[in-house]
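Visitor: I'd like a close look at one part of this model: the empty space left among its atoms. Please walk me round it and tell me what borders it.

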Amino acid sequence: MRMTDERSSVRVTAMCGIVGYVGGRPALSIVLDGLRRLEYRGYDSAGVAVVEDGTVLTQKKAGKLANLEKALAEAADPGIAAGPTGIGHTRWATHGGPTDRNAHPHVSQDGNVAVIHNGIIENFSRLRAELEATGVEFASDTDTECAAHLLAGEVRALRESGLADGPELLAEGMRRTVRRLEGAFTLLAIDVRVPDAVVAARRNSPLVVGRGNGENFLASDVSAFIEYTRDAIELGQDQVVLITPAGIEITGFDGSPQEGKEFHIDWDASAAEKGGYDYFMLKEIAEQPQAIADTLLGRLSDRGEIVLDEVRLTDQDLRDVDKIFIIACGTSYNAGMVAKYAIEHWVRLPCEVELASEFRYRDPILDRSTLVIVISQSGETMDTLMALRHAKEQKARVLAICNTNGSTIPRESDAVLYTHGGPEIAVASTKAFLTQLVACYLIGLHLAQVRGVMYADEVAAVVEKLQSTPDSLRGLLDSMEDVRALGRDLKTASTVLFIGRHVGYPVALEGALKLKELAYMHAEGFAAGELKHGPIALIDQGTPVVCVVPSPAGRGVMRDKVVSNIQEVRARGARTIVIAEEGDDDVAAFADHLIRVPATPTLLAPLMTTVPLQILACEIASARGHDVDQPRNLAKSVTVE
Ligand code: G6P
């Protein structure tokens, strides 16, 4: 199996922090303040660039922002400290080694232009080859650097055609540059001959403008400039924005005048790191549509093949596979349970899911034709790592799904698919789970295609459905007020049960796990059909039972069976909280509380049905007065067995 050349060496920066400033004060300290507030977005490297006295001065360093600050202090360059126009970047690499050389900003070969970037330029290798053919020498492995060279070239051409130096020249250069880019990006740039402007472009990556008095700001989110102004402008897609001390000008990529949406920020700097949310967990729940979109970005090659990140296996290796084990812990294990249904259905191979801590102690039968899929958000969970090593000792092939670039689990695996979920700060996993599901679906589709059990157009049809989930999810997240009210209402419950069938069963497990983790309540998830074999004895008058109903558009019989199970618990006094898709009207009669989710193909439904359960757990926990982000006794990354 190959990687397509578009991704083979690109250093992807899926989630980074970006700041730009222009005004009367020294830019550096304002940019560094902003980066400090954005550091939660990534801390693999950081860098700044300032225009001062006809030059672009930069400083950049691998590692946390503190490394950059130390380097700046050591250099003690009065120019960089004084310049009134600057940009800064904090990076979270999703694959590829984070180094000084790959840190942003990237400066064009002529030294005139500095650029920072968040996102992925998908046609990067083609552009790089074109630029190299004209004699440009690249100083990094990043996709971003080609934007710097392209912009410098466009600005040069505009100057040569007679356009006078000034902010407008930089804006037009940026518009011409972004028209050549494919993918997702926020780009910020400064130019040595335009000392009083920062230009930015946005497509599918975050960017907001801060409106100050005689000064203006750009950032990935408002927390970066909230100390200086609370007046902000939200940008639309495919817009270029030019900030100068005197004003803000927004245009489309074609140059047409456009407007942003002005808004006032009504929270203060202390809430800033959390983007205005009370908890990181709420913020991360809200980020899920974007996290899914980022995980899907660039995954389908021109030939309709699924693209993995790091591959040290051949297609033939994958064709030889006769059995799959999925191994993980906690939430990642629940994602693996969903994957089993999808993989067995699409790939038609036997697939077992196993808790990492149990796996090797039962002498699993593995050999060269076994594929072991390990799932880990952190990439450092010791139980999972030990299971991986055991699998490798038995000569099995190992494919990792991971959210953390450069961590141990992907390093020791034969192939990797990174979830581009961005850093997850809250201990209880939310966006990592949904992006793991997406990664599992992609791997299932990839295996099915390589093994010839699905056609490229069938794969593309599922990918298209996946691509529509971020929008559906945004709608769902906007309609969660009733779920929050229900959460507050349930704060005194002593036990909550969760039931589901098929992929709804792992969703029930995940819903119960979230509640245990956050609210310290007795919560259990069951296969709905299994309830009658024992656990139904737990049900008493008023016991809340969350029921995940399969889509009637899938196997109708499965949905009907769950409806029967709901009736069974209701007849014994349960208070039913029913999660069902829009249009399934018959279930309403059995629901004390009905939570609607958008209709989604059966196997993909967990991308919707899990979300109300995350919110429910979060709300119950905060109503009970718990620290939602750091629940007692837990750790984000468990590096002991
Ligand atoms: C810990 C965390 C869980 C997580 C599990 C697996 O127990 O508290 O939230 O699901 O580890 O972590 P991983 O990083 O391997 O996905």
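Guide: Gladly! Helices α18 (504-519) and α20 (606-623) each supply at least two residues of the lining of the largest cavity (helices are DSSP runs of H or I, at least four residues, and strands of E, at least two, numbered from the N terminus). This is a predicted model in which local features need pLDDT of at least 70 and side-chain atom pairs 80 or more, while totals for chains, interfaces and linings use all residues. Residues are numbered from 1 along each chain as its sequence is written, and side-chain values use heavy atoms, without hydrogens or water.

Searching the whole structure turns up 1 cavity of 30 Å³ or more (on a 1 Å grid over the protein atoms alone, points where a 1.4 Å probe fits but cannot get out; a pocket is an open set with protein on both sides within 12 Å along at least five of seven lines, and lining residues have an atom within 4 Å of a point). The volume of the largest cavity is about 160 Å³, the space filled by probe spheres set on points joined across faces, edges and corners. It is lined by 18 residues, and Val549, Pro550, Ser551, Ala605 and Thr609 are the closest to its centre. Sorted by class, that lining has 10 nonpolar, 6 polar and 2 charged residues (Asp, Glu, Lys and Arg are charged; Ala, Val, Leu, Ile, Met, Phe, Trp, Tyr, Cys and Pro nonpolar; the others, Gly among them, polar).

Helix α18 leads us on to the second largest pocket, since α18, α11 (330-347), β18 (370-376) and α13 (382-393) each give at least two residues to its lining. Its volume is about 490 Å³. Among the 22 residues that line this pocket, Cys329, Gly330, Ala635, Lys636 and Val638 are the closest to its centre. The largest share, 3 residues, comes from α11. Here the lining has 8 nonpolar, 10 polar and 4 charged residues.

Lys636 is also worth following to Ser429, as Ser429 touches Lys636 along with Thr331, Glu424, Glu510 and Lys514 (heavy atoms within 4.5 Å), leaving out residues up to four places away in sequence. Ser429 sits in the loop between β20 (415-418) and α15. Its C-alpha atom is 9.3 Å from that of Ile285, although 144 residues separate Ser429 and Ile285 along the chain.

Ile285 belongs to the stretch of α8 (280-286), which brings us to the largest pocket: α8, β14 (261-264), α9 (288-296) and α16 (456-477) each supply at least two residues of its lining. About 1200 Å³ of space lies in this pocket. The lining counts 38 residues, and Pro206, Ser220, Tyr277, Ala286 and Glu287 lie nearest the centre. Helix α9 gives the most, with 4 residues. By class, the 16 nonpolar residues of this lining are joined by 12 polar and 10 charged ones.

Finally, the domains. The protein is divided into domain 1 (15-274), domain 2 (282-473) and domain 3 (479-623), with bounds from an automatic or database assignment. Domain 1 and domain 2 both contribute residues to the lining of the largest pocket, so that pocket lies between them. The centres of domain 1 and domain 3, taken over C-alpha atoms, are 45 Å apart.
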